Amino acid sequence: MVADVAPRRRPGYRRALRLRQEGRGAGRRETGDHPGASLSALEEPGREPRGQLPGQRSWANTPEAGRYTGGSTRIERGALMAEAVEKLTKKSEDPSRWYLDLVRMAKLADYGPVRGTFAIRPYGFAIWERIQRDLDDRFKATGHVNAYFPLLIPESFLNKEADHVEGFAPECAWVTMGGDNELEERLAIRPTSESIICEFYRGWIQSYRDLPLLINQWANVLRWEMVTRPFLRTSEFLWQEGHTVHATAGEAREETLRMLGVYRDVFYETLAIPVLTGVKSPSERFSGAVETYTCEGLMGDGRALQAATSHDLGQNFARAFDITFLDEQQERVHPYQTSWGFSTRTIGALILVHGDDRGLRLPPRLAPTEAVIVPIWRGKNKEDVRKEAEKLYVELQAAGFRMEVDLDEEHSPGWKFNEHELRGVPVRVEIGPKDIEKGQVVFVRRDTGEKEFVPRSGAKDRLRELLEEIQENMLAQATEFREANTRHAESYEEFQEIIAKKRGFVVAPWDGTEETEEKIKADTKATIRLLSSERQKGKDLVSGKPGEMAIFARAY
RNA sequence: CGGGACGUGGCGCAGUCUGGUAGCGCACUCGGCUGGGGGCCGAGUGGUCGCCGGUUCAAAUCCGGCCGUCCCGACCA
């Protein structure tokens with residue numbers, strides 16, 4: 001299982017010279033330790049040396065790895081001239097394999113040795129870093145500060161809130177040994193941090209003057225999962241969890257909704273994912289919460305994904321952990337709490353919502369690289385084209401764009417086109433001898449594949465516009481898809497047929513009972529994703545009793 | 001945990017039935033020609049055939065055991 005440590009060689013200088021820098025700021029790169037990356041660098045700063053690091057070739061390190069590539073090698077152009085080309089499985093043919101192929105081929109993540117563990121590779125992590133930065137800025141803007149709490153939680157803490165234990169104990173990983181000695185009390189590796197944080201909050205909160213307490217934590221958590229998929233469901237995942245404390249129920253509810261709104265904005269404005277927001281049914285509620293609000297996205301295959309949640313915890317945890325404060329009336333009372341989380345699962349949502357047969361499509365605001373320049377050269381004019389490409393790169397980079405120029409000499413332009421489309425770079429800029437002659441550059445947008453010729457002098461302005469257009473278009477496309485796949489069911493037969501044949505969101509009245517919810521789940525595998533905020537009335541399709549509109553779907 | 005399948009260079013596989021020189025494609029390395037949608041030619045590197053035991057002159061191949069992984073049926077950001 002251990003990777004053989006292949007001798008590592010530096011990439012030769014004839015090899016890829018690929019410059020990748022943060023557009024804004026002083027030459028900061030997303031992925032690592034090369035602050036001075038510049039045009040004169042002969043190494044390839046933004047790119048992994050191909051296949052040299054054990055960890056990076058390690059998709060192959062685990063025996064199961066092969067299972068995921070089985071369908072992706074195709075024999076083409078006849079049996080005699082058999083030529084195997086690794087191709088992305090078509091999304092429509094086998095969405096599940098397509099997803100796994102894409103994650104692997106775009107170098108987003110790689111399997112770990114323990115079930116459900118994954119390495120997030122530099123490109124995948126660069127995407128996470130952009131999400132992180134966006135969220136963090138918005139948390140700060142709404143008055144929150146960051147802190148960090150312990151990974152290990154004594155079992156007795158977890159046990160304090162009854163619903164909470166019930167929900168999380170079954171999927172906890174436990175530490176029972178310290179060195180060679182058995183521990184007196186076993187310790188959970190945090191599946192979420194409410195209990196350990198409450199333990200601290202008890203000591204930190206004494207007066208109404210200490211409230212509201214608005215803290216966020218960026219952390220990893222661990223949940224022992226049966227079935228795992230990269231990003232969508234992993235045992236260990238990264239997220240942020242906000243934990244706030246308020247003097248009144250009203251303030252707590254307001255905070256819960258405020259953060260739901262922040263998530264919603266990030267989904268719409270940055271990820272271009274038109275999530276629906278609303279309340280969870282009691283059975284889908286967070287263990288220990290009074291109310292759970294959710295952002296639900298509709299994936300390309302018609303299944304729903306819970307993308308982020310915001311919980312109103314009421315006084316449940318405050319009571320269980322004996323958190324009290326003296327209010328303005330000199331009375332000792334329990335405060336009201338909230339918690340809200342957004343995880344790396346979102347990267348999975350991004351892939352499922354926007355990806356296509358060519359690979360990933362990244363919304364510009366999220367893309368680590370907004371545009372990549374691919375020079376088209378021939379032997380005799382290689383140097384001229386290279387100089388022009390580098391000049392353009394410097395110019396656009398200086399204008400604030402996150403740019404990359406692909407000066408790799410080993411691959412053909414066609415190869416590079418495919419590669420950058422796979423990685424989802426929003427815009428490809430081509431520049432070749434013909435373009436130089438005509439004083440133009442070629443822009444090709446990833447979302448539609450459209451090609452346009454732009455005067456060199458107007459490149460900067462047009463790129464700015466184009467990125468905006470792509471961002472808008474991607475949200476529009478996803479919204480159109482969601483609307484086309486949201487249906488109202490008038491009868492239970494119709495409901496079942498839609499779920500079975502078309503998937504998507506189904507809007508139908510629900511009488512509010514667990515019985516009908518259970519029956520629907522047993523019959524169709526569909527669950528209530530959220531209760532519509534519009535509060536429309538209707539008659540439950542199963543029981544015939546009056547109820548309010550709910551959104552159903554099969555979920556990930 | 002019940003049912004099915006699989007384990008051979010980094011990856012995908014063939015070879016196993018019928019025991020006898022471990023093979024193909026991709027990737028990787030070197031050289032050259034190329035370059036506007038996954039180029040071509042040539043030369044190379046790389047494998048205790050999951051592990052343990054047995055049968056045999058001889059085991060990837062036959063027999064026994066073990067381990068691991070994947071797929072299908074009960075929980076979750």
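Biologist: Leaving aside its neighbours within four places in sequence, which residues is Asn485 in contact with?

Modeller: Happy to start there, and please keep in mind that this is a predicted model. Asn485 sits in the loop between helix H12 (459-484) and strand S23 (486-488). Setting aside neighbours within four places in sequence, the residues in contact with Asn485 are Leu298, Lys502, Gly504 and Phe505.

Biologist: Does Asn485 count as buried or exposed?

Modeller: The cut-off helps here: buried means under 20% relative accessible area. Asn485 has 12% relative accessibility, so this loop residue counts as buried.

Biologist: Let's turn to cysteines. How many disulfides does the structure hold, and which cysteine sulfur is nearest to that of Cys198?

Modeller: A disulfide is a covalent bond between the sulfur atoms of two cysteines. The structure holds 0 disulfides. Cys198 is accordingly in none, and its nearest cysteine sulfur, 15 Å away, is that of Cys172.

Biologist: What is the relative accessibility of Cys295?

Modeller: Cys198 makes a good starting point, being buried with a relative accessible area of 2%. Cys295 also counts as buried, and its relative accessibility is 0%.

Biologist: Now the aromatic rings. How are Phe149 and Trp204 arranged as an aromatic pair?

Modeller: The structure holds 16 aromatic pairs. In the one formed by Phe149 and Trp204, the ring centres are 5.9 Å apart. The angle between the planes is 40°, and the pair is tilted.

Biologist: How many residues apart are Phe149 and Trp204?

Modeller: Phe149 belongs to the loop between strand S6 (145-146) and strand S7 (152-154), while Trp204 belongs to helix H5 (residues 194-204). Phe149 is buried at 2% relative accessibility, whereas Trp204 is partly exposed at 41%. Their pair links distant parts of the chain, 55 residues apart.

Biologist: Which residues do ring pairs link into a cluster?

Modeller: This is another part of the aromatic picture. Ring pairs join these residues into a cluster: Trp128, Phe139, Trp218 and Trp340.

Biologist: Which residue lies over the face of Phe417?

Modeller: Phe417 is among the buried residues of helix H10 (residues 413-423), including Lys416 and Leu422. At 3.8 Å from its ring centre, the residue lying over the face of Phe417 is Arg428.

Biologist: And how far is Arg303 from the ring centre of Tyr556?

Modeller: Here, too, an arginine lies over a ring: Arg303 is over the face of Tyr556. From the ring centre, Arg303 is at 4.1 Å.

Biologist: One last thing: which residue follows H10?

Modeller: The residue after H10 has a positive phi, near 85°. That residue is Gly424.

Conventions: Residues numbered from 1 in each chain as written. Chains lettered and ligands numbered in written order. Predicted model: local features only at pLDDT ≥ 70, side-chain atom pairs only at ≥ 80, totals over all residues. Heavy atoms only, no water. Buried < 20%, exposed > 50% of the residue type's maximum accessible area, 1.4 Å probe, protein only. Helix = DSSP H or I, 4+ residues; strand = E, 2+ residues; numbered from the N terminus. Contact = heavy atoms within 4.5 Å. Disulfide = S-S within 2.5 Å. Phe/Tyr/Trp six-rings, centres within 6.5 Å; stacked < 30°, edge-to-face > 60°. Lys NZ or Arg CZ within 6 Å of the ring centre and 35° of its normal.
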